[in-house]
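Morning, everyone. Let me put the model on the screen, and then we go straight in.

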Amino acid sequence: MYRKENILWPEGKPPSEAYCDEERRLAILAAHGTDAMIDDPELQEIVDLAAKVCDVPMVMVTMVEEGRQMFLARTGIDARETPRSTSFCAHAMLGTEPMVIRDAKEDTRFADNPLVTGEPHIRFYAGQPLISAEGAALGALCLIDSEPHEDGLSQLQQNTLSVLAKATMRRISQQRLGDAAKEAVNERESDLKRMIDSVPGIAWSADASGNFDYVNVQWDELTGLSQPQSLDDWQTAIHPEDWETAIDAFRTSLKSGEPFEYEWRLKLADGDYRWMLSRAVRTSAGTGKPRWFGTVIDVDRQRRMAEARDLLANELSHRIKNIFAVISGLVAIRSRGKPEVTEFATELSETIRALGAAHDYVRPGHGHKGGTLSGLLSDLLAPYDTAGNARFSIVGPGVAVGERAATPLALIFHELATNSAKYGALSSEEGKVTVTVEGDCDDSNDICVIWEESAPSYQVPDEQEREGFGSRLLRMAVEGQLKGSFEREFADGGLRVRIAFPRQSIGN
C-alpha cells in the first residue's frame with residue numbers, strides 16, 4: 001500500500017492527473033446529461049445505504065465540472081454544490097481505487113481547505129472514482145465524517161463502496177443511454193418528417209376510423225386549405241363529381257381492411273383541378289392498433305396522355321375498319337358478273353370479315369365477351385350457327401387475348417371454320433364442331449386448343465387435299481407467329497386438330 005501525506009492508495013501510486021484530456025472529459029460529462037439526475041431516487045437509495053454500511057454521517061454522488069462540484073444525491077449535508085477548487089473528489093476521481101484520507105487536518109494538501117476549516121469540517125474522506133465507459137473521470141461516490149477515522153475503511157466497507165460506485169455509474173449511464181435513445185428517436189422522426197414532406201405528393205396517416213393525425217406539407221402547398229382532421233374535411237378539395245364515389249370507396253376499405261386505390265380530381269389553390277391517384281393501406285405494426293397510411297400522387301399528365309392515346313387509337317381503329325369495308329366493297333364490285341371468281345371472292349370477303357371481327361375484338365372499349373380466347377371463338381363461329389340447332393360448342397377457361405395475337409388467331413380459326421363449312425362437319429346438317437380450350441396443357445403453362453369435327457357422312461380428304469394453301473396458312477400462323485405447334489388427325493366420321501402455343505404468345 002502506497003502512503004503519502006496521510007492519503008492512502010490501496011494499490012500502487014496515484015495515477016497521473018493527465019489521465020484524460022480535460023476538454024474531452026468535460027464533453028463526455030456533458031453528454032451524460034447529469035443535470036437531469038439531481039435528486040434521482042435511485043441514487044438517493046445508494047447514498048443512504050453507503051452511509052449506513054460505512055457508518056458516516058455524510059455521503060454524496062459528485063460530478064466535477066469545470067468550475068464546481070455538483071451533488072446529484074446527498075445525505076447529511078444541505079449544500080448542493082461546492083467550488084471545484086476546494087473539491088476532494090477532484091483528486092479522488094483521478095484514481096482507479098478509492099482515495100481514503102483518515103484525517104484531513106494531518107494532510108498538508110487539505111489542512112487549510114475551507115471545507116476542513118469550516119463547514120462541514122471534513123476530517124475523514126473516502127472517495128470511489130466514477131469512470132465513464134470512455135475512461136473519463138466524472139466524479140466520485142464519497143464518504144465524509146467530521147471525525148477522523150484512524151482505521152480508515154474495513155474490507156467490507158471498501159467492497160461496499162466499490163459495488164455502490166459501480167451501481168451509481170450504471171444508473172448514470174442508463175440516463176445517458178435513455179437520453180441518447182430519445183434524441184436518436186427524435187432525430188429519426190425529424191428526418192422522416194423532412195423526407196415525407198419532400199415527396200412529390202400528399203402523404204397522410206389516420207386511425208382505423210379515418211381520423212387524420214398527420215398530413216404532410218404538400219397538402220398545404222397544393223390546396224391552400226387547413227389540414228384535414230376527418231373524412232368530411234376532404235370534400236372541399238375533391239371535385240364534386242368524384243366526391244361521393246371516392247368517399248364511398250374509401251369507407252368500404254376502412255370497413256373491410258382491403259387496400260384502397262382510386263383516381264379523383266383535386267382542387268388546387270388556384271381553383272384548377274388535377275387528376276390524382278389516391279392509395280392507402282392498413283397496418284397494425286408497432287402498437288397493434290390498425291392504422292392507415294396513404295398517398296395522393298399527381299397523375300394528371302399521365303391521365304391526359306392516356307386519354308389522348310385512346311382518342312387516337314379509336315380514330316385509327318375507325319379508319320382501319322373503314323379500310324376493311326372498302327376492300328370488301330372492291331372485291332364485290334370487281335367480282336360482279338364474273339362467275340369464275342365468285343367462289344374466290346366469297347372466300348376473300350369472309351376472310352376480311354374475320355379480320356374485321358378480330359380487329360373489333362381488340363379495339364379500345366369495343367372488346368367482346370371479356371377479351372378471352374373463348375369469346376373470340378364464339379364471335380368467329382357465330383355465322384355458322386343455326387337457329388334451334390347449335391352447330392358448335394366451346395368449353396374451357398377464359399384465357400385473355402392480347403392485341404398482337406388476335407389477328408393470327410382469327411386467321412387460324414376462320415380457316416378451320418371455312419374448311420369445315422366446305423368439306424367437313426359443318427358442310428352437313430348433322431355435323432358438329434367442339435372446341436376445347438385448355439389453360440395448362442402437357443404439364444406446362446402452354447395453351448392448348450382442341451378442334452374436333454364430327455359428322456355421320458364425314459369424308460376424309462386425300463393426301464393432296466390435306467396439304468393445300470389453307471394448311472400452309474395454318475402452320476405459318478401457329479408456328480411462325482404464335483411459336484406453337486399444329487397437329488391434325490383425320491378419322492372416319494371426323495377430324496381432330498390440336499394447336500398448342502405458349503401463354504405469353506397471346507398475351508398483351
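Start with the lining of the largest cavity. Its residues split into eleven nonpolar, one polar and no charged. The classes are simple: Ala, Val, Leu, Ile, Met, Phe, Trp, Tyr, Cys and Pro are nonpolar, Asp, Glu, Lys and Arg are charged, and the others, Gly among them, are polar. The lining residues are Trp204, Phe212, Leu231, Trp234, Ile238, Trp243, Ala246, Ile247, Phe250, Phe260, Trp264 and Ser278. Two elements give two or more residues to this lining: helix H7 (240-256) and strand S11 (260-267). H7 supplies the largest share, four residues. Helices here are DSSP runs of H or I with at least four residues, strands are runs of E with at least two, and both are numbered from the N terminus.

A word on provenance. This is a predicted model, so local features need pLDDT of at least 70 and side-chain atom pairs count only at pLDDT 80 or more, while totals for chains, interfaces and linings use all residues. Residues are numbered from 1 along each chain as its sequence is written, and side-chain values use heavy atoms, with hydrogens and water left out.

Now the cavity search itself. Rolling a probe the size of a water molecule over the atoms shows where empty space is left. On a 1 Å grid over the protein atoms alone, a cavity is a set of points where a 1.4 Å probe fits but cannot get out, and lining residues have an atom within 4 Å of a point. Grid points are joined across faces, edges and corners, and a volume is the space filled by probe spheres set on the points.

How many cavities of 30 Å³ or more does the structure hold? Two. The largest has about 140 Å³ of space. The second largest has about 90 Å³. Of the 16 residues that line the second largest cavity, Met60, Gln69, Leu115, Ile122 and Ile144 are the closest to its centre. Strands S3 (58-64), S4 (68-75) and S8 (137-145) each give two or more residues to that lining. The residues there divide into eleven nonpolar, five polar and no charged.

Next, the overall numbers. The protein has 13 helices and 18 strands. Of its 508 residues, 43% count as buried. Buried means under 20% relative accessible area, exposed means over 50%, and partly exposed is in between, with a 1.4 Å probe and protein chains only. The protein exposes about 27,200 Å², and carbon and sulfur atoms supply 51% of that. Those areas come from the Shrake-Rupley method with a 1.4 Å probe. Among contacts with a separation of 6 or more, 57% are between residues 24 or more positions apart. Contact means heavy atoms within 4.5 Å.

Cysteines. The disulfide count is zero, where a disulfide is a pair of cysteine sulfur atoms within 2.5 Å. Why does Cys89 have no bond to Cys142? Because the sulfur of Cys142, the closest cysteine sulfur to that of Cys89, is 3.8 Å away, too far for a bond. Cys89 is buried, at 1% relative accessibility. Cys54 is buried too, at 3%.

Now backbone geometry. Most residues other than glycine have a negative phi, and most peptide bonds are trans. The peptide bond from Glu119 to Pro120 is cis, with omega near 10°. Pro120 is in the loop between helix H4 (114-117) and strand S7 (124-131). Asp39 has a positive phi of about 65°. Asp39 lies in the loop between helix H1 (22-31) and helix H2 (41-54), and is partly exposed at 37%. Lys483 also has a positive phi, near 60°. Its loop runs between helix H13 (469-481) and strand S17 (485-491). Lys483 is exposed, at 59%.

Two residues to finish. Is Ile499 buried or exposed? Buried, at 1% relative accessibility. Ile499 is in strand S18 (residues 494-501). Beyond four places in sequence, the contacts of Ile499 include Ile412, Phe413, Val449 and Phe486. Glu479 is 20 residues from Ile499 in sequence, and their C-alpha atoms are 9.6 Å apart.

Asp272 is in the loop between S11 and strand S12 (273-283). Asp272 is partly exposed, at 46%. Outside four places in sequence, Asp272 touches Leu266 and Lys267. Thr223 is 49 residues from Asp272 along the chain, with 10.0 Å between the C-alpha atoms.

Note on methods:
On a 1 Å grid over the protein atoms alone, a cavity is a set of points where a 1.4 Å probe fits but cannot get out, and a pocket is an open set with protein on both sides within 12 Å along at least five of seven lines; lining residues have an atom within 4 Å of a point.
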